[in-house]
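Colleague: Hi! Could you walk me through this fold while I have it open on my screen?
Modeller: Happy to, let's take a look together.

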Amino acid sequence: RDRIVDEVIARLVDYSVVIVTGPSGVGKSSLVRAGVVPALASGAIIGSADWRVQLISPGSHPLVVVRSAVEDRPDLLVVDPGDDLLSVNSGSDIAAIARALRIAIAQGMRLVMTMRGDLFGRLSELNGLAPRAGAGTVLLGVPRDEELRQMVELPARHVGLEVEPALVEAVIVDVGGRPASLPLLSTALVRTWQRREGNRLTLSGYHAAGGTTSALERLAEEAYVSMAEPERHAARRILLRLVVNDDGLWRRRRLALAQAAPEGDEVATRALNHLSDHRLVSMDVGEVQLSHEALTAAWPRFAAWLSERELTAYVV
């Protein structure tokens, strides 16, 4: 997605705060982490190859993480996802986060932050940042057909894989123009790679994996049914704690590992590790989160659990 990477970098030349926003599942994190940061390290802006870049995921303790990051005085701070900055319940914490960022920016730091489109309006809660971000905002939409083609072909070519042209065309038909589709495509391509023929990714392997529409559902369901009954119950408890209803939209949230699988709870530990092995959750720095927010809609069993939870809460 070189076109959008260039747009973000152009904004960074003129503005100290750049917000990359768009719908969930449109590729904001990949754009910044795999596109913008490496481009800057290669000198996309004069002197940027020497920049000290700090990349943070604020998690469940955003004030602590932000303060620690700005104390290192980076030239560029990348906050992904920026949604985490607004996840705290305390208005005073949000004010403190905004103050720490404003001071660092005034001292010369640049800030790049990803933010879900449906949460973008809440940027105003980070007092003083919204006005700075106005002209520096980049809206990321669904990939164009040619960008989808490159997403499939270029990484494969980089590791010596061939891709059947018919597979690329099938991806464009399945994914083109559809929001929140990239996590589904990612899962579909991993499962296609698992069914490769020698060094070749094939259309038959893509269909056998369930294609973009069913790959994530099949992955999740296979992971769930392959667990013993006690682990299934633990997995359900864990997964339900990893999402929060935000004005009718399910949003993933980070949870401390000690809360997901308390010390001594071997069943929960096995369930959590099983979910991680199947790429349904990711664990990092003592926390766990859903690997794909799209799981809440793509996996019918999970969607039913969420509906049941909401109904129970409503009745109570």
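Modeller: One thing up front: this is a predicted model. A good place to start is an open sheet of five strands, ordered 2-3-4-1-5, with parallel pairing.

Colleague: Which strands stand at the edges of that one?

Modeller: Strand 2 (53-56) and strand 5 (137-139) do. Each has a single partner strand, so one side of each has no neighbour in the sheet. From one strand to the next, the twist averages 15 degrees.

Colleague: And how many bridges join strand 1 to strand 4?

Modeller: Six, linking residues 17-22 of strand 1 with residues 110-116 of strand 4, and the two run parallel. If you want a spot to click on, Thr21 sits opposite Met115 of strand 4.

Colleague: What lies across strand 2 and strand 3?

Modeller: That's helix 3, residues 62-71. Helix 3 runs at about 175 degrees to strand 2.

Colleague: Switching to helices. At what angle do helix 1 and helix 2 cross?

Modeller: Roughly 60 degrees, and the axes of helix 1 (residues 2-14) and helix 2 (residues 28-41) come within 10 Å. That angle is why the two count as oblique to each other. The crossing is right-handed.

Colleague: Which residues make the contact?

Modeller: Helix 1 brings Ile4, Val5, Val8, Ile9 and Leu12, while helix 2 brings Leu31, Gly35, Val36, Ala39 and Leu40. By class, the contact between helix 1 and helix 2 has nine nonpolar residues, one polar and no charged ones.

Colleague: What about helix 8 and helix 10, how do they pack?

Modeller: Helix 8 (residues 182-194) and helix 10 (residues 211-225) pack at about 75 degrees, with the axes 8 Å apart. Angles of 65 to 115 degrees count as roughly perpendicular, so helix 8 and helix 10 are described that way. Among the contact residues are Leu184, Leu185 and Arg191 of helix 8, and Ala215, Arg218 and Glu222 of helix 10. In classes, the contact of helix 8 with helix 10 has six nonpolar, three polar and three charged residues.

Colleague: Okay, new topic: what is the strand order in the three-strand sheet?

Modeller: That open sheet goes 10-12-11, and its pairing is antiparallel. Strand 10 (255-256) and strand 11 (281-284) are at the edges, each with a single partner strand. Strand 11 pairs with strand 12 (residues 287-290) over four bridges, and Asp284 stands opposite Glu287 in strand 12.

Colleague: Which helix packs on that sheet?

Modeller: Helix 13, residues 266-277, which touches strand 11 and strand 12. The direction of helix 13 makes about 105 degrees with that of strand 11.

Note on methods:
Residues are numbered from 1 along each chain as its sequence is written. This is a predicted model: local features need pLDDT of at least 70, side-chain atom pairs count only at pLDDT 80 or more; totals for chains, interfaces and linings use all residues. Side-chain values use heavy atoms; hydrogens and water are left out. Two strands pair if DSSP finds at least two bridges between them. Axes are lines fitted to C-alpha atoms, for helices over the stretch in contact, and angles run from 0 to 180 degrees between N-to-C directions. Contact means heavy atoms within 4.5 Å. Angles under 35 degrees count as roughly parallel, over 145 as roughly antiparallel, 65 to 115 as roughly perpendicular and the rest as oblique. A crossing is left-handed if the near helix is turned anticlockwise from the far one by less than a right angle, and right-handed if clockwise. Ala, Val, Leu, Ile, Met, Phe, Trp, Tyr, Cys and Pro count as nonpolar, Asp, Glu, Lys and Arg as charged, and the others, Gly among them, as polar.
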